[in-house]
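Student: I would like a close look at one part of this model. Please start from a single side chain and work outward from there.

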Amino acid sequence: MTSLKLSAEDFAPAPPASDAERIARPSLSYWEDAWQRLKQNTRALISLYIVIALAAFTLIGPLLWTIDPSQQDLNQISQAPGLPKNAILVEDRSTWSAPVDERHPEAPSGYPDTLPSVTNLRVDGEPTTHYVRLVWSPVQDAGGYAVYRNNTAPEGMFNLGLPLSTLTAGNITGYEDRLNLNSETYYYSIVTTDGFDEFDSVQTIEVTPTQSIRVSEAISRDLIGAEDANPGDRVTLSFHPFGTDYLGRDMLARLMEGARVSLFIGLVAPLIYVLIGIIYGGFAGYFGGRFDQVLMRFADFVVALPFLLFMILFKIAFGIGPGENGIFPMLLALILLLWPATARLVRGQVLQIREQGYIEAARLLGASPSYIIFRHILPNTVGVILVTLTFAVPSAIFTEAFLSFIGMGVAPPTPSWGSMCNEGVKTMLSHPHELFFPALFISITVLAFNLLGDGLSEALDSRMRARS
C-alpha cells in the first residue's frame, strides 16, 4: 500500500471563484421575489397606488378640506362642479307688492270671446336667485293672468312649464317668483284669462337670474365684513370643486366622509370574517376525518342562509326602523354569513401542507396541534389569505353600497357612497354630478381592489417563483 505524502501547499486556501462560477443573481426571499413580480404587473401596481390614494383621500383629505359635510349652502343648491362663483348681495328682508293699475277694472264686464296677450312684459329690477319680479301692461277686458315657468323655450300652449300662480284680477300687473331659483335660464309665460278660462294668448320672456346671497348670510359665512356689506355689491361664494347636492352640501366633503363609512365597513367586516374563516378552516383541515366533515357541513349550512333575509331580521332584532342607520346589523350579517368561503379555501391549503415533512417533525418533537397550526401551517397560507382579503374588501364595499342604495344600510344624513347614490339617482337627469361622483368612487375602489387581488395571486404563486 503506497502512502500519500501531503505538504503545506496542499492545505492552502482555494483561489477565489471566477466570474463564470459566481451566482448570476442574489438569492431572493419569498416576499422579495413576490414584490419583484408585483412591480412587473402594471395594472396591479397602478391599483396599489389607487388604493393608497383612496386611503389618503379618506384619512388626510378631511384635514385639508375642512368644510363641514353637513353644512348647507342654500345659495348654491345642486350646483355643478366649477370654479368659484360671484354673487350679488341682496337685502335680508325685501318686500315687494305686485303693482295694481287702478284705472283698469278688476273684472271684465262680460265674457269676451277673445283676449290679446299682455304687452310690455319685462323684469322689474335685476333678477336674482332670491327673486324675479315681472311686470306688464294690463289687457282690456282681462279678468286675470296665469304665470308659468319653464327651463326650455315653450313650443305651444301645452308646453309652458310649471304653473306658478293664477292672478284673479285684471288690474294686477306684476308677479314675484321666489320658487327654487338657480342661476340658469328660465322662460316665463303670461297667459291672459277672463277670470275663469285661459285664452290662447301668451307672452314669453327669457330671464337668467344672477347668483345672489343675503347680507346677513354673507356676514355669517365670513364672505364680507359687516361694515362693507352693501346690497348690490358682489362677493365670492364658497368654492365647491365637486359641486353641491340637492341640499347645498359640499359634495367633496361628503365624499370624504362617505369614504370613511364605506371603507370602514369594507375593511373591518372582511378582516373579521376572513380571520374567522382562517381559524375555522385551519382546524378543520388539520384534524380532518369526522371532525372536518362536521365543521364543513356546518359551513355549507351557513352558505345556504339568505343574506338579505338575515339583514332584515337583524334590523328588526335591534329595533332599527325605516330611515335609521343599519351599520351594525350590516356588519353582523357580513361577519356571520360570509366566512365559509375563506374557511373552505384555507382548509384546502392546510390539507396539502399538513403532510409536509416539517409538520411531521414538529409532531415528533411534541408540538401541540394549536402550535403547529398557528406557527407552521397558517403562516404558509398567508399568500392565499392576502389574495382572499383583497377580493373580500370590494365585495363588502359593493354590498354596503347596494344595501344603502335600497335604504337598508347607511341612512341619511350620514353619508356613504351607497346612500349618496340613492340620493343622487333622484336628480340624475337634472343634476347628474350628484350620482356620478359617488358611483365613480365605488367603481374605482372595487376595480382597484380586484386588479390588485389578481396581481397578488400571480405574485404570491410559488409555481411562478419556480419558473422565474
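Does Arg234 count as buried or exposed, and at what relative accessibility? Please also place Arg234 in its strand, and go on from there to the sheets and the other salt bridges.

Tutor: The model is a predicted one. Arg234 has a relative accessibility of 51% and therefore counts as exposed, since the cut-off for that class is over 50%.

Arg234 has a charged partner. Its side chain forms a salt bridge with Glu126, with 4.0 Å between the closest N and O atoms. Arg234 belongs to strand β10 (residues 234–236), while Glu126 sits in the loop between β2 (119–123) and β3 (132–137), so the salt bridge ties together parts that lie 108 residues apart in sequence. Glu126 is partly exposed, because its relative accessibility is 38%. In general, side chains of opposite charge can pair when their charged atoms come close.

The strand that carries Arg234 is part of a sheet. This open sheet has three strands in the order β9-β1-β10, and the pairing is mixed. The edges are taken by β9 (212–214) and β10; each has a single partner strand, so one side of each has no neighbour in the sheet. On average, neighbouring strands here are turned by 45 degrees against each other, direction ignored. Strand β1 (residues 86–90) runs antiparallel to β10 and is joined to it by three bridges. Within that pairing, Arg234 in β10 stands opposite Ile88.

From β1 the chain leads on to Ser94, whose place is in the loop between β1 and β2. Ser94 counts as buried because its relative accessible area is 15%. Not counting residues up to four places away in sequence, Ser94 touches Tyr131, Arg133 and Arg178. His130 is 36 residues from Ser94 in sequence, and their C-alpha atoms are 10.0 Å apart in space.

One of the residues that Ser94 touches, Arg178, is itself in a salt bridge. Its partner is Glu176, and the closest N and O atoms are 3.2 Å apart. The two ends of this salt bridge fall into separate classes of accessibility. Arg178 is partly exposed, at 36% relative accessibility, whereas Glu176 is buried, at 18%.

Further salt bridges can be set beside these. The structure holds 15 salt bridges. Among them is the one in which the side chains of Arg221 and Glu217 meet, at 3.3 Å from N to O. Glu217 is buried, with a relative accessible area of 18%. Salt bridges also link Asp245, Arg249, Arg254 and Glu423 in a network.

A further sheet can be set beside the one that holds Arg234. This one is open as well, with four strands in the order β5-β4-β7-β8 and antiparallel pairing. The edge strands are β5 (162–167) and β8 (198–207); each has a single partner strand, so one side of each is left without a neighbour in the sheet. Here the average turn between neighbouring strands is 20 degrees, direction ignored. Strand β4 (residues 144–150) and β5 run antiparallel and are joined by five bridges. In that pairing, Leu162 of β5 is the bridge partner of Arg149.

Away from the charged pairs, there is also a nonpolar patch on the surface. It is formed by Leu308, Leu309, Ile312, Leu313, Ile316, Phe398, Phe402, Phe405 and Ile406, which together have about 820 Å² of accessible area. The elements that give two or more residues to the patch are α7 (307–317) and α12 (382–405). Of these, α7 gives the most, with five residues.

Two residues of helix α12 can be compared. Phe405, a member of the nonpolar patch, is found in α12 and is partly exposed, with a relative accessible area of 35%. Thr388 is also found in α12, but Thr388 is buried, with a relative accessible area of 16%. Leaving aside neighbours within four places in sequence, Thr388 is in contact with Thr342 and Leu345.

To return to the starting point: Arg234 is exposed, stands opposite Ile88 across the β1 and β10 pairing, and forms a salt bridge with Glu126.

Technical notes:
Residues numbered from 1 in each chain as written. Predicted model: local features only at pLDDT ≥ 70, side-chain atom pairs only at ≥ 80, totals over all residues. Heavy atoms only, no water. Buried < 20%, exposed > 50% of the residue type's maximum accessible area, 1.4 Å probe, protein only. Patch = residues over 30% accessible without salt bridge, like charges linked within 9 Å, V, L, I, M, F, W, Y side chains within 5 Å. Areas by Shrake-Rupley, 256 points an atom, 1.4 Å probe, with all protein chains shown as cover. Pairing = 2+ DSSP bridges. Axes fitted to C-alpha atoms, helices over the stretch in contact; angles between N-to-C directions. Contact = heavy atoms within 4.5 Å.
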